[in-house]
Amino acid sequence: MQITPDLPPELVPLAWLIGRWEGAGVGGYPTIDSFHFGQEVTFGHVGKPFLTYSSRSWILDDDGNKLRPGAAETGYWRPQPDGTLEVTMAHPTGFAELWIGHVDGAKVEISTDVVVRTATAKEYTAGHRLYGLVEGELMWAYDMAAMGQPLQAHLSARLKRVE
């Protein structure tokens, strides 16, 4: 990732994320069947000290064909001077999260600080995510506590930068 002159210094530790990423992953949880998904993630910036973030996914069949839309989320990644990272995310399924974590080189680890949901949203109480740049690809994993289940593995994916 080339650092542009308009990139605020606060974003330099996260510059490796900036761009569009695409790939596939797997998901599962005790309350649902396991599945494969495709995903597109975009990290951007508008010249202020935060990254914009959006993700959309779709459920795939065994041959990798799109079956239907999957999850979507959007938010902002806000690095702080002390090295911590604050992330806000909103989901069209009726919940929003505040995440707290840290950046360590090409690795980001965040955990939910607060989860709020509408009366019609499914029960979801906590999350933990790990993002890392591995051999030029964005790898990530998401652990979730929901539907009366404790925090445990839910999703993981491997994404390639799209030029």
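A residue is termed buried under 20% relative accessible area, exposed over 50%, and partly exposed in between (1.4 Å probe, protein chains only). By that rule Leu 138 counts as buried, because its relative accessibility is 0%. The structure is a predicted model, in which local features need pLDDT of at least 70 and side-chain atom pairs count only at pLDDT 80 or more, while totals for chains, interfaces and linings use all residues. Residues are numbered from 1 along each chain as its sequence is written, and side-chain values use heavy atoms, with hydrogens and water left out.

**Leu 138 and strand β9**

- Leu 138 belongs to strand β9, which covers residues 137–146; strands (E, at least two residues) and helices (H or I, at least four) are DSSP runs numbered from the N terminus.
- Contact means heavy atoms within 4.5 Å. Beyond residues up to four places away in sequence, Leu 138 touches Trp 16, Leu 17, Trp 21, Phe 43, Tyr 131, Gly 132, Leu 133, Ala 157, Arg 158 and Leu 159.
- Leu 155 lies 17 residues from Leu 138 along the chain, and their C-alpha atoms are separated by 14 Å.

**His 128 and Arg 129 in strand β8**

- His 128 is located in strand β8 (residues 124–134), and Arg 129 is found in β8 as well.
- His 128 is buried because its relative accessible area is 19%. Arg 129 also counts as buried, at 3% relative accessibility.
- A polar contact is a pair of N or O atoms within 3.5 Å; within protein, one must be able to donate a hydrogen and the other to accept it, and residues adjacent in sequence count only if both atoms are side-chain atoms. The side chains of His 128 and Glu 109 form such a contact at 2.7 Å, and those of Arg 129 and Tyr 131 form one at 3.0 Å.
- Neighbours within four places in sequence aside, the contacts of His 128 include Trp 99, Glu 109, Ala 141 and Leu 151. The C-alpha atoms of His 128 and Leu 151 are 8.1 Å apart, with their positions 23 residues apart in sequence.
- With the same exclusion, Arg 129 is in contact with residues including Tyr 53, Glu 73, Met 89, His 91 and Tyr 142.

**Aromatic rings and charges**

- Rings of Phe, Tyr and Trp (its six-membered ring) pair if their centres lie within 6.5 Å; planes under 30 degrees apart count as stacked, over 60 as edge-to-face and the rest as tilted. The whole structure holds 10 aromatic pairs.
- Phe 37 and Trp 140 form a tilted pair, with 6.3 Å from centre to centre and 50° between the planes. This pair joins distant parts of the chain, as Phe 37 is in strand β2 (residues 32–44) and Trp 140 in β9, 103 residues apart. Both Phe 37 and Trp 140 are buried.
- The pair of Phe 43 and Trp 77 is edge-to-face, because the ring centres are 5.0 Å apart and the planes stand at 90°. Phe 43 in β2 and Trp 77 in strand β4 (residues 66–79) are 34 residues apart.
- Phe 43 is buried, with a relative accessible area of 1%, and Trp 77 is buried at 0%.
- Ring pairs join Phe 35, Phe 37, Phe 43, Tyr 53, Trp 77, Tyr 131 and Trp 140 into a cluster.
- A charge sits over a ring if NZ of Lys or CZ of Arg is within 6 Å of the ring centre and within 35 degrees of the ring normal. Lys 66 is placed in this way over Trp 58, 4.3 Å from the ring centre, and Arg 129 over Tyr 142, at 4.5 Å.

**Pocket and cavity**

- On a 1 Å grid over the protein atoms alone, a cavity is a set of points where a 1.4 Å probe fits but cannot get out, and a pocket is an open set with protein on both sides within 12 Å along at least five of seven lines; lining residues have an atom within 4 Å of a point. Points are joined across faces, edges and corners, and a volume is the space filled by probe spheres set on them.
- The largest pocket has a volume of about 990 Å³. Its lining comprises 33 residues, of which Ile 32, Phe 35, Ala 71, Met 144 and His 154 lie nearest the centre.
- Strands β2, β3 (51–60), β4, β8, β9 and β10 (152–162) each contribute at least two residues to the lining of the largest pocket.
- There is 1 cavity of 30 Å³ or more, and the largest cavity encloses about 30 Å³.
- Residues lining the largest cavity include Gln 39, Tyr 53, Glu 73, Arg 129, Tyr 131 and Trp 140.
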